[in-house]
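This report covers the packing of one helix pair, then the chain as a whole, then two residues with unusual backbone angles.

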Amino acid sequence: QNFNNILNRLENKMKWKKEKIKLLKTIKKILEEKLVIGTWGNFSIRINDNLFIITPSGMDYKKIKLKDLVVMDINEEIVEGKRKPSVEYFLHLSIYKSRNDVNGICHTHSDFAKVFSILRKPIPPVCEDLVQVVGGEVPVAPYFLPGSKELGINCAKTLNNKNAVILANHGLVSCGRTIDEALKIAEVVERNSKTIVFSYILGQPIKLDQNDIDIMRDFYLNRYGQK
């Protein structure tokens, strides 16, 4: 029995390390895309129904190492790691509890998505790639203080079955079946936010028909890409 327990712990450690490496690679890409500045934003990967890995609070992303990442459980307890977890850990936890299909979350403060954030205005469903990956418009969650449980609860509620949500006066949260997909969605939302902001100079963007959105969303989720 003791041997099996030791073996299970070693297997868990190896799996956690693999996921931590994946999270660090995601952070590097996020820095390259300039979706965050300094210590703002936070990112996580779900390990299983009980555990997730999240970035530490207030650390420069250029300096974060494997040992700085924190493993937490659904009871808000730290399972592994000596750092304080991101103050937004409850936001990540709320999404994981409400969405079985989500295994990676990115919370960014990218420039053009933040334009919609400070206006508290949804990003309209006017671009095909946006509606495919998000599921329609990007809605706005009501304002609550950073790190509060109210913010996490309302973020998950507003997100519903979409894959991105704007936090009022704050930033963007994207999620996906993998952390790579969550990052891709953050990139797609930011690029489209920029396009849409400029489009308002010329006129009023035309929203896509809901039936077309549903068709494209289904295609992206179930038939797009390679098996």
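## Helix packing and overall fold

Helix 3 (residues 111-119) packs against helix 6 (residues 179-202) at an angle of about 60 degrees, and their axes are 7 Å apart. Axes here are lines fitted to C-alpha atoms, for helices over the stretch in contact, with angles running from 0 to 180 degrees between N-to-C directions. Helices (H or I, at least four residues) and strands (E, at least two) are DSSP runs, numbered from the N terminus.

The model is predicted: local features need pLDDT of at least 70, side-chain atom pairs count only at pLDDT 80 or more, and totals for chains, interfaces and linings use all residues. Residues are numbered from 1 along each chain as its sequence is written, and side-chain values use heavy atoms, with hydrogens and water left out.

The crossing of helix 3 past helix 6 is left-handed, meaning that the near helix is turned anticlockwise from the far one by less than a right angle. On the helix 3 side, the contact (heavy atoms within 4.5 Å) is made by Asp111, Phe112, Ala113, Val115 and Phe116. Helix 6 contributes Glu190, Ser193, Lys194, Ile196, Val197, Phe198 and Tyr200. By class, this contact has eight nonpolar, one polar and three charged residues. Ala, Val, Leu, Ile, Met, Phe, Trp, Tyr, Cys and Pro count as nonpolar, Asp, Glu, Lys and Arg as charged, and the others, Gly among them, as polar.

The 24 residues of helix 6 should span 34 Å at 1.5 Å a residue, and the end C-alpha atoms are 36 Å apart, which agrees. The expected span is 1.5 Å times one less than the number of residues. Buried residues (under 20% relative accessible area; exposed is over 50%, partly exposed in between, with a 1.4 Å probe and protein chains only) of helix 6 include Ile179, Leu183, Val189, Glu190, Ser193 and Ile196.

The chain has seven helices and eight strands. Of its 227 residues, 47% count as buried. The C-alpha atoms fill a box of roughly 65 × 40 × 30 Å, taken along the principal axes. Among contacts with a separation of 6 or more, 64% join residues 24 or more positions apart.

Two residues other than glycine have a positive phi.

| Residue | Phi | Loop | Relative accessible area |
|---|---|---|---|
| Lysine 34 | about 60 degrees | between helix 1 (2-32) and strand 1 (42-46) | 67%, exposed |
| Asparagine 160 | near 55 degrees | between helix 5 (149-159) and strand 7 (164-167) | 52%, exposed |
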